[in-house]
Amino acid sequence: MRFALLFRDFASNIHSKPLIRNRFIHKAFFHATRTILQTTESPPPAEGFLPGVEQSKFIKSTQEEALKNPELANTGVANGETKRMNMFQAINDAMGIALTTDETAVIFGEDVAFGGVFRCTLGLAEMFGKDRVFNTPLTEQGIVGFGIGMAAMGHTAIAEIQFADYIFPAFDQLVNEAAKYRYRSGGLFNVGGLTVRSPCSAVGHGGHYHSQSPEAYFTHTPGLIVVMPRGPIQAKGLLLASIRNRNPVIFFEPKILYRAAVEEVPVGDYELPLGKAEILKSGKDVTVVGYGSQLYTLERAIQLAEKDIPGLSCELIDLRSLLPWDVDTVANSVNKTGRLVISHEAPQTSGFAAEVATCIMERCFLRLEAPIQRVCGLDTPFPLVFEKFYVPDMTRCYDAIKEVVNY
Amino acid sequence: MLSITSRLSRNISVLNGRTFVRQFASASAETVNISLPEGSFKTYKCDPPSFEIEVTKDELLRLYKEMVVMRRLEVAADGLYKSKLIRGFCHLCTGQEAVAVGMEAAITKDDSIITAYRCHGFTYIRGGTVHSILAELMGRNTGISRGKGGSMHMFSKNFYGGNGIVGAQVPVGAGIAFTQKYLEKKNATFILYGDGAANQGQVFEAFNMAKLWDLPAIFVCENNFFGMGTAASRSSANAQYYTRGQYIPGLQVNGMDVLAVKQACSWAKNWTTNDQGPLVLEMVTYRYGGHSMSDPGTSYRTREEIQHMRSTKDPITGLRQRILELGFATDNEVKQFEKDARAEIDEAVAKAQNDSPPDASELFTDVYVRGTELPNIRGREREEFAVMNQ
């Protein structure tokens, strides 16, 4: 009841005197954010089953490494502080900044007021008030539709769907309403302020409904932006960019990385570009493409292949954003290497790798030295007891690299 | 704490106080008439079932044993999950046993039940052995879904699962009820969902179809007061779930009293199979544990509240008191039931632990009907696939 009243007050205030009220919130909470964020405890020790994350060369565990990133050069954080955060803390930090800097931003979803099942919204309700960070009923279609309505009014709506496996009840709202709002209203309305966050991918024992990677269903939908980060620094920068991007964004967070990936994350406000891939490692013989948690598997596969095949050097590319995706970076790489391996956890048939393979075939046909290899999940439902067979593990990625080399 | 308990006691008067139990010596001395407490039912657009229920000694003892086994089963699952022998997501029904046990007592195996992910108890009561449930939880080939499903995915004859997506089972249940009607069977479908799921749009879509076509569908909202971590009153504009069918009559039931549940379900079955259309039942119950194993269940309610519910409303304690008062069993006999249940579960745990996981070839089976599989399961090496096919 109290919540309902608060919300009604909030709603009426939006119409009456938004600026006064929101400015007050802004100032009061800006101070609170800074204080609380600075005193947040350091992350718990890295955990999770994903091998290789802790040892990964792509994990920036010192301030120097973190700030070396050229993409941070013009963001104002390049010379700033960093703080050790795992991925859920980095996401939390990004949302704190979004709420502080955008007085129209609100966060809602199932149990988010208590921090959410993965703790991504921890403390935000206390910090920003229950009218800005609030629980919804269990109603995924409703959550997204509601967010679309807010965004159509020009608000910034940050919705959480508790697991990517639960995004399907909201599929219609995302595909038919969010993605086409601008187009079908001839540009009069849009839902650019909508960002839907959702934890995805395998976690070691998630079973059928807590493990899926549904990104390709959405990359098939013009009008949406689809993003998947690989670690804390990226998650923060890409999420802020997604929230501020004036298109509806689906932001998939590989849940295994919430605690497994820990980095020194710049504490300031920064964005990383959407639609731009990142070359994680340069190489001349094989281009290896992935995104999200799969990159750590690919990194290990490359290390093994380079050890086993003397002189081999692989280039590893993180797509980061899948719609739009950075064809140029991948095509340039394949034009150099002549070989391509793509890997993702979702099933192979009609998976995102098919799109990458086709585009590269069109762009690099004469340069290809071997058939493009896809290393993906199997064309079966995501299994419980057979997860280790299902996932495109290090050995399978390694095999694919060898296959294109030996072709 | 106070708000929840006062709500409960407002909705449902205290069960099994001595004054409510009126025993009539019948000819066999094995049958008793019990008057259910006044607050056992609340109605919406219908008259309540009779508050008088006739039960036999054997039945009371059976209901008691079933609830005790169910609770031991969940205690075992809790331990196995914590020792990582159960993987996946796991939702326990501790505290809510009376709903499944009372419902099954009112219907026959030809009636259908479909529920959500809190399904271990229902699987047991629908005929799944405790061994097959524990084996499924641990992913063994002797599991009730051959080890391929896990906690949320259990099925048996006329029990359509075990469904992991919140609210998705409700329209499915309407389809089952339609088929029963189409086949002119005198059976009903009990469609369970939680107070959280009650807010899913699909639920209302199913209500409409069921009423439109007068299906033998009984929508059963298990109101345990929390949809995951959110209190019912904070998620639902109308938390009187038995009235939420609008044009469908409803009944609120004390879901902590197995006899009230039984009475309500047999009344409901009778109603729907006589072409009076669907019903909405609200079982007011309580889960002692968290929403799932990863939720300690204490961040959104106090330990005192849980303790209070356990000590005053527990369905097992309530029935035990009734049995003792009626003289149907002695204290020692009741304790023996509990020991037997523990032994049965322990044995099943040990057996299931020694069972093997399903054969690796099972990874590819049951995706399509046998004989129409994809020519090749893509994503693996051809050689590997050939090995798996052997």
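**Exercise 1.** Which residues of chain B does UniProt list for "domain: Dehydrogenase E1 component"?

Solution. The unreviewed UniProt entry lists residues 66-359 of chain B under this name. In the model, which is predicted, the end C-alpha atoms of that span lie 33 Å apart, and the span is 46% helix and 11% strand.

**Exercise 2.** Find what the end C-alpha atoms of helix α9 (residues 258-273) of chain B say about its span, and describe its surroundings.

Solution. Begin with the expected value: at 1.5 Å a residue, the 16 residues of α9(B) should span 22 Å, and because the end C-alpha atoms are 22 Å apart, the two values agree. Next, consider burial, where 13 of the 16 residues are buried, and the helix is therefore mostly covered. Finally, look past the helix to Asp275(B), which follows α9(B) and has a positive phi, near 60°.

**Exercise 3.** Work out where the largest nonpolar core lies with respect to the domains of chain A.

Solution. This core holds 236 residues, of which Ile401(A) and Leu281(B) touch the most other members. Helix α2 (residues 57-82) of chain B gives the most to the core, with eleven residues. Since domain 1 (2-266) and domain 2 (278-406) of chain A both contribute residues, the core lies between them. Beyond its neighbours within four places in sequence, Leu281(B) has contacts that include Ile218(B), Tyr242(B) and Ala264(B).

**Exercise 4.** Which strands of chain A does strand β13 (residues 340-347) join through bridges?

Solution. Three bridges join β13(A) in parallel to strand β10 (residues 286-290), with Val289(A) opposite Ile342(A). Five bridges join β13(A), again in parallel, to strand β14 (residues 373-377), where Gly377(A) is the partner of Pro347(A).

Note on methods. Residues are numbered from 1 along each chain as its sequence is written. Chains are lettered from A and ligands numbered from 1 in the order in which they are written. This is a predicted model: local features need pLDDT of at least 70, side-chain atom pairs count only at pLDDT 80 or more; totals for chains, interfaces and linings use all residues. A nonpolar core is a set of buried Ala, Val, Leu, Ile, Met, Phe, Trp, Tyr and Cys residues joined through C-beta atoms within 7 Å. A residue is buried if 20 or more other C-beta atoms lie within 10 Å of its own, exposed if 12 or fewer, and partly exposed in between; C-beta atoms are placed from the backbone. Helices (H or I, at least four residues) and strands (E, at least two) are DSSP runs, numbered from the N terminus. Domain bounds come from an automatic or database domain assignment. Two residues are in contact if their C-beta atoms, placed from the backbone, lie within 7 Å. UniProt positions are given in the numbering used here, feature names are shortened, and annotations may be inferred rather than shown by experiment. The expected span of a helix is 1.5 Å times one less than its number of residues. Two strands pair if DSSP finds at least two bridges between them.
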